[in-house]
Amino acid sequence: MTLVGVLGCGLMGSGIAEVCARNGRDVVVVEADPAAVERGRAKVLRSMESAVARGKLPSDDMDRAVERLVFTDDWDSFGDRQLVIEAISEDPDIKVAAFQQLDKVVGTSDAILASNTSSIPIMKLATATERPTQVIGLHFFNPVPVLPLVELVPSLMTSPDTSERAASFATEVLGKNVIRSKDRAGFVVNALLIPYLLSAIRMLESGFATAADIDAGMVHGCAHPMGPLALTDLIGLDTTMAVAESMYSEFKEPLYAPPPLLSRMVEAGLLGRKSGRGFHEYRKDV
Ligand SMILES: NC(=O)c1ccc[n+]([C@@H]2O[C@H](COP(=O)([O-])OP(=O)(O)OC[C@H]3O[C@@H](n4cnc5c(N)ncnc54)[C@H](O)[C@@H]3O)[C@@H](O)[C@H]2O)c1
């Protein structure tokens, strides 16, 4: 698959677009409106410039990747795509509407429509289309250019051919490591990670320890590269809450219920790194 589309160019979509372009694919990125298109373009360029500055990407390769990227708010640009990866906000209604629209505009008959959702059932997105056998979950990890994992999530209706083509795109084209998960909210990684992050938030909320000490505990005591509250800031508190809500609604397991502190912080717009403040403070949009 050489013609790729990416829907949504936030934290994840920008990384997915970048790795696809860096690996020789022609990529159309669609965002919600012209301002979001420009923000998305700037994010991808900033990330590649930083990779060049760190010696991780030759500048000629960056120039070639930039030439392969088109940013637009016109969904019809997806018409000829062979693979479209959706990475818009973690909201089931918004995603279902997006899959209905993708089904209309993507003209390639065997195109794969993939979702980067962290927790919404792939079946829900598949049945929003007339081609459920071609819908699959391709769940990347943040930052996409750095983390090698992709979870492959076929629904009960995904065809073996779609699974094989999507897996070989992730491994052979993007050089990622693929693990397979059943279509259950949270898949493998978030089913393990989210209860841990929520436990750290509950620990902070109860006054058990400070944010700095909770994070330092896991960094220095367990050799984690960052503590759970810093990781929640990196993921985004809104995304963490949305994933927890999907998992809670699927399993009714109290460990998955978002703690009140998380809800209040999301209501206040304290979303973590992307808003400049979460459990810790950041320079805005770093
Ligand atoms: N943040 C993470 O660490 C992480 C990791 C893996 C997967 N995910 C998943 O990736 C998806 C995106 O998450 P994110 O963190 O990048 O969110 P984000 O808020 O950074 O970006 C979402 C983007 O989608 C755009 N968007 C929203 N509705 C749109 C529409 N109708 N058409 C076009 N663009 C639209 C927004 O303008 C925004 O730029 C979610 O499903 C999330 O669960 C997130």
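Analyst: Let's start with a term we will need: a salt bridge is a side-chain nitrogen of Lys or Arg within 4 Å of a carboxyl oxygen of Asp or Glu. Please keep in mind as we go that this is a predicted model.

User: Thanks! What is the N to O distance between the side chains of Arg81 and Asp80 in their salt bridge?

Analyst: For a salt bridge, a nitrogen of Lys or Arg must lie within 4 Å of a carboxyl oxygen, so that is the cut-off to have in mind. The side chains of Arg81 and Asp80 do meet in this way, and their N to O distance is 2.9 Å.

User: Which residues are linked in a network of salt bridges?

Analyst: Arg81 meets Asp80 in one salt bridge. The side chain of Arg81 also meets that of Asp26, at 3.1 Å from N to O. Put together, the network consists of Asp26, Asp80 and Arg81.

User: How many residues apart in sequence are the parts that the pair of Asp26 and Arg81 ties together?

Analyst: The two side chains meet in a salt bridge. Asp26 sits in strand β2 (residues 26–30) while Arg81 sits in the loop between β3 and β4, so their pairing ties together parts separated in sequence by 55 residues.

User: Is Arg81 buried or exposed?

Analyst: The cut-off we need is that buried means under 20% relative accessible area. Its bridge partners lie above that value: Asp26 has 32%, and Asp80 has 42%. Arg81 has 3% relative accessibility, so it counts as buried.

User: How many salt bridges does a search of the whole structure find?

Analyst: We have already met the bridge of Asp26 with Arg81. Another one joins Asp238 and Lys274, whose closest N and O atoms are 3.1 Å apart. Searching the whole structure gives a count of 13.

User: Where does Lys274 lie, given that its salt bridge with Asp238 links distant parts of the chain?

Analyst: Asp238 and Lys274 form a salt bridge. The two residues are 36 residues apart, with Asp238 in helix α10 and Lys274 in the segment after α11.

User: What is the relative accessible area of Lys274?

Analyst: Partly exposed covers the range between the buried cut-off of 20% and the exposed cut-off of 50%. Asp238 counts as partly exposed at 27%. Lys274 is partly exposed too, with a value of 34%.

User: Which residues gather in a patch of negative charge on the surface?

Analyst: One of them is Asp74, in the loop between β3 (69–72) and β4 (83–86). Asp74 is partly exposed, at 37% relative accessible area. The residues that gather in this negative patch are Asp33, Asp73, Asp74 and Asp76.

User: What is the area of the nonpolar surface patch made by Ile179, Val188 and Leu192?

Analyst: Ile179, one of the patch residues, lies in strand β8 (residues 177–180). The patch that Ile179, Val188 and Leu192 make has an area of about 250 Å².

User: Which backbone nitrogen does the side chain of Thr129 reach?

Analyst: Thr129 belongs to the loop between α5 (122–126) and β6 (135–140). With a relative accessible area of 7%, Thr129 is buried. At a distance of 3.1 Å, its side chain reaches the backbone nitrogen of Arg131.

User: What form does the peptide bond from Asn142 to Pro143 take?

Analyst: Pro143 is placed in the loop between β6 and β7 (149–154). The bond from Asn142 to Pro143 has omega near 0°, and its form is cis.

User: How far apart in space are Pro145 and Arg22, C-alpha to C-alpha?

Analyst: Pro145 is found in the loop between β6 and β7, and it is partly exposed at 31%. Along the sequence, Pro145 and Arg22 are 123 residues apart, but in space their C-alpha separation is 9.4 Å.

User: What is the phi of Lys252, which is not a glycine?

Analyst: Lys252 is in the loop between α10 (237–251) and α11 (260–267), and it counts as exposed at 54%. Ala223, in the loop between α8 (211–222) and α9 (228–235), has a positive phi near 60°. For Lys252, phi is positive as well, at about 50°.

Note on methods
Residues numbered from 1 in each chain as written. Predicted model: local features only at pLDDT ≥ 70, side-chain atom pairs only at ≥ 80, totals over all residues. Heavy atoms only, no water. Patch = residues over 30% accessible without salt bridge, like charges linked within 9 Å, V, L, I, M, F, W, Y side chains within 5 Å. Areas by Shrake-Rupley, 256 points an atom, 1.4 Å probe, with all protein chains shown as cover. Lys, Arg positive; Asp, Glu negative; His and termini not counted. Charge placed at Lys NZ, Arg CZ, Asp CG, Glu CD. Helix = DSSP H or I, 4+ residues; strand = E, 2+ residues; numbered from the N terminus. Buried < 20%, exposed > 50% of the residue type's maximum accessible area, 1.4 Å probe, protein only. Polar contact = N/O pair within 3.5 Å; in protein donor to acceptor, adjacent residues only side chain to side chain.
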